[in-house]
Amino acid sequence: MAKTSAIYRNEKRRKMAVKQAAKRAELKAMVKDQNLDPQERFAAVLKLAKMPRNGSRVRYRNRCAITGRPHAYYGKFGLCRIQLRDLGSMGLIPGLVKSSW
């Protein structure tokens, strides 16, 4: 089980990223626009730099929904490999069959 503080910190980052996504996209579009005045583009770069780093989507870490484990995460299921194996063996994940030979 991951530290509870790490899980909450990650959730805080995710919420902040969702909240600031539109403003970030707008500023990034301004920065990339070659038709804009260079001073306006530079002002957009400065505004983007002043925004909190945790508001960036890159800072969010995928974690297991059950344990919060950050490694070996399967995005299709939202679980880590350990929980995926356990739940798959018990037959709790529809369509997933643990192979054995």
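Colleague: Let's start with glutamine 20: which residues does it touch, not counting those up to four places away in sequence?
Modeller: Bear in mind that this is a predicted model. Glutamine 20 sits in helix α1, and its relative accessible area is 16%, which is under the 20% limit, so it counts as buried. Once residues up to four places away in sequence are set aside, glutamine 20 touches Met51, Pro52 and Gly55.

Colleague: Serine 56 caught my eye too; is it buried or exposed?
Modeller: Serine 56 is placed in the loop between α2 and β1. Beyond four places in sequence, its contacts are Ala17 and Arg24. Its relative accessibility is 19%, and since anything under 20% falls in the lowest class, serine 56 is buried.

Colleague: Which residues line the largest pocket?
Modeller: Happily, we have just met some of them. Serine 56 touches Ala17 and Arg24, and these three are among the lining residues. The full lining is Arg14, Ala17, Val18, Ala21, Arg24, Ala25, Lys28, Gly55, Ser56, Arg57, Val58 and Tyr60.

Colleague: And how many of the residues lining that pocket are charged?
Modeller: The pocket holds about 230 Å³ of space. Arg14, Arg24, Lys28 and Arg57 are on the lining list, and Lys and Arg belong to the charged class. Beside 6 nonpolar and 2 polar residues, the number of charged ones is 4.

Colleague: Which side chain does glutamate 11 meet in a salt bridge?
Modeller: Side chains of opposite charge can pair when their charged atoms come close. A search of the whole structure turns up 1 salt bridge. Its N to O distance is 3.0 Å, and the partner of glutamate 11 is arginine 14.

Colleague: How many residues apart are glutamate 11 and arginine 14 in the helix?
Modeller: Both belong to helix α1, which covers residues 4-32. Their spacing is about one turn of the helix, that is, 3 residues.

Colleague: How accessible are glutamate 11 and arginine 14, in relative terms?
Modeller: Neither falls under 20% nor goes over 50%, so both count as partly exposed. For glutamate 11 the relative accessible area is 29%, and for arginine 14 the relative accessibility is 31%.

Colleague: Turning to helix α3, which of its residues are buried, and what arc do they cover around the axis?
Modeller: Helix α3 runs over residues 81-90, and its buried residues are Gln83, Leu84, Leu87 and Gly88. They lie on the same side of α3, because the arc they cover around the axis is only 125°.

Colleague: Which exposed residues are carried by the face of α3 turned away from its buried side?
Modeller: On the buried side, the cover includes β1 (73-74) and β2 (79-80). The face turned away from that side carries exposed residues instead, namely Arg85 and Met90.

Colleague: Which non-glycine residue has a positive phi of about 55°?
Modeller: Most residues other than glycine have a negative phi, and most peptide bonds are trans. Just after α3 there is a positive phi of about 80°, but that one belongs to glycine 91. The residue you are after is found in the loop between α2 (38-50) and β1, and at 33% relative accessibility it counts as partly exposed. With a phi of about 55° although it is not a glycine, it is alanine 72.

Colleague: Also in that loop, how far is the C-alpha atom of alanine 65 from that of glycine 78?
Modeller: Alanine 65 has its place in the loop between α2 and β1, where its 67% relative accessibility makes it exposed. Leaving aside neighbours within four places in sequence, alanine 65 is in contact with Gly78 and Leu79. Along the chain alanine 65 and glycine 78 are 13 residues apart, while their C-alpha atoms are separated by 6.0 Å.

Colleague: How far apart in space, C-alpha to C-alpha, are phenylalanine 42 and isoleucine 93?
Modeller: Phenylalanine 42 is found in helix α2, and its relative accessible area of 52% is over the 50% limit, so it counts as exposed. In sequence, phenylalanine 42 and isoleucine 93 are 51 residues apart, and in space the C-alpha distance is 50 Å.

Colleague: One last distance: what separates the C-alpha atoms of glutamate 11 and serine 99?
Modeller: Glutamate 11 brings us back to helix α1. Serine 99 is 88 residues away from glutamate 11 along the chain, and the separation of their C-alpha atoms is 34 Å.

Note on methods: Residues numbered from 1 in each chain as written. Predicted model: local features only at pLDDT ≥ 70, side-chain atom pairs only at ≥ 80, totals over all residues. Heavy atoms only, no water. 1 Å grid on protein atoms, 1.4 Å probe; cavity = no way out; pocket = protein on both sides within 12 Å on 5 of 7 lines; lining within 4 Å. Points joined across faces, edges and corners; volume = space filled by probe spheres on them. Salt bridge = Lys/Arg side-chain N within 4 Å of Asp/Glu carboxyl O. Helix = DSSP H or I, 4+ residues; strand = E, 2+ residues; numbered from the N terminus. Buried < 20%, exposed > 50% of the residue type's maximum accessible area, 1.4 Å probe, protein only. Contact = heavy atoms within 4.5 Å. Arc of directions from axis to C-beta.
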